[in-house]
Each structure stands twice: as structure tokens, then as C-alpha cells.
Amino acid sequence: MPILNRLSRRGLYRLAESRHLPGLVQRNSALEDRAYRGADRYLGGRALDDVLATLTRLHSQGFKTGVDYLGEQRTDRAAVVAATDQYVRLNRQLARLDAVVNVWVDFTNVGLDISDELCRRQLIRIIEGLPAGSRLQARAHDSSRIDRILGLVTKLAAEGAPIMPTLQANLRQAPEYADRLIEAEVPVLLVKGAHLEPAGVAYPWGEETDVAFLQLAHQLHAGGVDLAIGTHDPVIREAVTAAFSDAEVQMLLGVRPTDAQDLMLRDRSVRLYVPYGQDWLRYWLRRLGEGRGV
């Protein structure tokens, strides 16, 4: 799709935020097929059976996995319940696999943009069906939602839920959020952060965010947090894993796959994020945006 090749990272991320684009693409079968061919390497499939087959293949290669039913910014209660129902079905199938799979959730997929209480009820339904040993991993989100997400996460953790939030290093308030998560004694996935934010809220992509990432990794580890890192930056990744041999590395399916294989050969634990579902277009646009200029 030549027009996408001309867009900057910011342009692609803004396009990914569109509520109308997925419907426009899906109404044109030729356009949708062409886009999906580009997206396929990053996805576990469009249906539950597809992603189960992908997970089984990855497990046979020695990878750990986390699976996500794609969807976000739902404001219709029936759609929120339907998304939760899909997670319940997913959990049942995961319990039959011979490997422990973490389950990823974007809180706006299950009601956050309607109310915290609705979201909490859906999360409890999902958590109650998690297979033994699995964690619920909370997707990162923009700064306007992070306080509410962390509030839900820490309350659920206090009730005994096996939950792992994602902390974005580019947020200027991230050290305060890290202290909050240390106090709650929850495991944390540390990422650089990809959402478009005002300069007063987040550091720009580049050196400032890299430095913040390293500082936060040390802060979280010193606080006794079970730390995982989600980055495809080899310099940052090597620095953190050299300092903390127990830090799990999480990577996105289809992004720098040779790096993931190399880490496996070096006996590093690698968990791949495997998304699936019909709402794949926005996710693909964000993957296209990675590595491009602002």
C-alpha cells in the first residue's frame, strides 16, 4: 500500500487511532486481503483455531507465549461482553495446551472507556478462567488512562489476581508509577512506550527514553519486582539482561525474529506476544510505524 509507505511514525499511529478505518478497509475485500498479507507475520491469525495452532508451533520451537484477543476503545456494552466471552473461550482452550500461556488484555477492549466498574467485572471473569500458572498482562495505554489502569491492576493484585501491568518508560511520571507498583508487589513489564503524548507528559523517542528505561529497570529490580522487559532495541536489551539475569525478555511476534532465535540459543527466556482476531488493522499500522521518523 504505497500511501502508507509515505507516512511518518506519527502519521501511522494517528491512523491507527481512527475508529472508522477498520470498517472502511473491511468493506473492500481486495484492500483487506492486501493489507492482511502485510500484517500476517505479526499475527497469530484471525480466529481462535488459528492462534491455537500458532501457539503450538511456537511452543515446539521453545518459546514462551502470551496471547491477546485484539480490540480496543469499545464503548458498546454488548461488544464489551462479547469480547470478554471470547477471552473465556480462549482460556478454556489454553488450559488444554502443554505450555503456560499468559493472556493479554487491552482494558479498553473490556469496558474501561465505559466505566471502571464494568471493566473490573469483565477482568474478574477473565482472571477466574485463567489456566494454572498463567498471568493476565495489561496492555500499555496512553497517559490519560494510566492512573485508572494502575488503580484496577493494584486492586486486583491485592485480591490475589496473577496480573502484570505494562509500564512505559517514556512517561515522565513513570518513576512514581514504578514506586506504586513496587508497593503493590506486582510483576512489571517495562517497555519504552509507543503512544503519542504531549512533550510535557513524555520524553521524545531517543536517548532520553533510553536512559529512563535503564533507570526504571534498576528501580524496579531494586524494589524486588519480578521484572520483564519488552524491547527490540538490542543495546538496551543486552544492558538490562547483563545486569539482571532473571529478567524475562518479551518480544512481538514477527519483529526481529532472528534476535528472538539468538536469545533462545543463548538460553535466555523469550516470551512472544501473539495477537489474533478481526481487529488487526490498527495493530499492523503501529508495527509499520516502528522504526520510522516522527
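Modeller: Axes are lines fitted to C-alpha atoms, for helices over the stretch in contact (heavy atoms within 4.5 Å), and angles run from 0 to 180 degrees between N-to-C directions. This is a predicted model, where local features need pLDDT of at least 70, side-chain atom pairs count only at pLDDT 80 or more, and totals for chains, interfaces and linings use all residues. Residues are numbered from 1 along each chain as its sequence is written, and side-chain values use heavy atoms, leaving out hydrogens and water.

Biologist: At what angle do H10 and H11 pack?

Modeller: About 15°, with the axes of H10 (residues 207–222) and H11 (residues 234–243) 11 Å apart. H10 is therefore roughly parallel to H11 (angles under 35 degrees). Helices are DSSP runs of H or I of at least four residues, strands E runs of at least two, numbered from the N terminus.

Biologist: Which residues meet there?

Modeller: From H10, Asp210, Phe213, Leu214, Ala217 and His218; from H11, Ile236, Ala239, Val240 and Ala243.

Biologist: And what does H10 lie across?

Modeller: H10 lies across E5, E6 (188–191) and E7, at about 165° to E6.

Biologist: What order do the sheet strands take?

Modeller: E4-E3-E2-E1-E9-E8-E7-E6-E5, an open sheet of nine strands with parallel pairing (at least two DSSP bridges between two strands). At the edges, E4 (163–164) and E5 (166–168) each pair on one side only.

Biologist: How many bridges join E7 and E8?

Modeller: Three, between E7 (residues 227–230) and E8 (residues 248–252). Ile229 has Val249 in E8 as its bridge partner.

Biologist: Switching to Thr54: buried or exposed?

Modeller: Buried, at 11% relative accessible area (the cut-off is under 20%, with a 1.4 Å probe and protein chains only). Thr54 sits in H5 (residues 48–60).

Biologist: What is Thr54 in contact with?

Modeller: Gly44, Leu253 and Val274, leaving aside neighbours within four places in sequence.

Methods. Buried means under 20% relative accessible area, exposed over 50%, partly exposed in between (1.4 Å probe, protein chains only). Angles under 35 degrees count as roughly parallel, over 145 as roughly antiparallel, 65 to 115 as roughly perpendicular and the rest as oblique.
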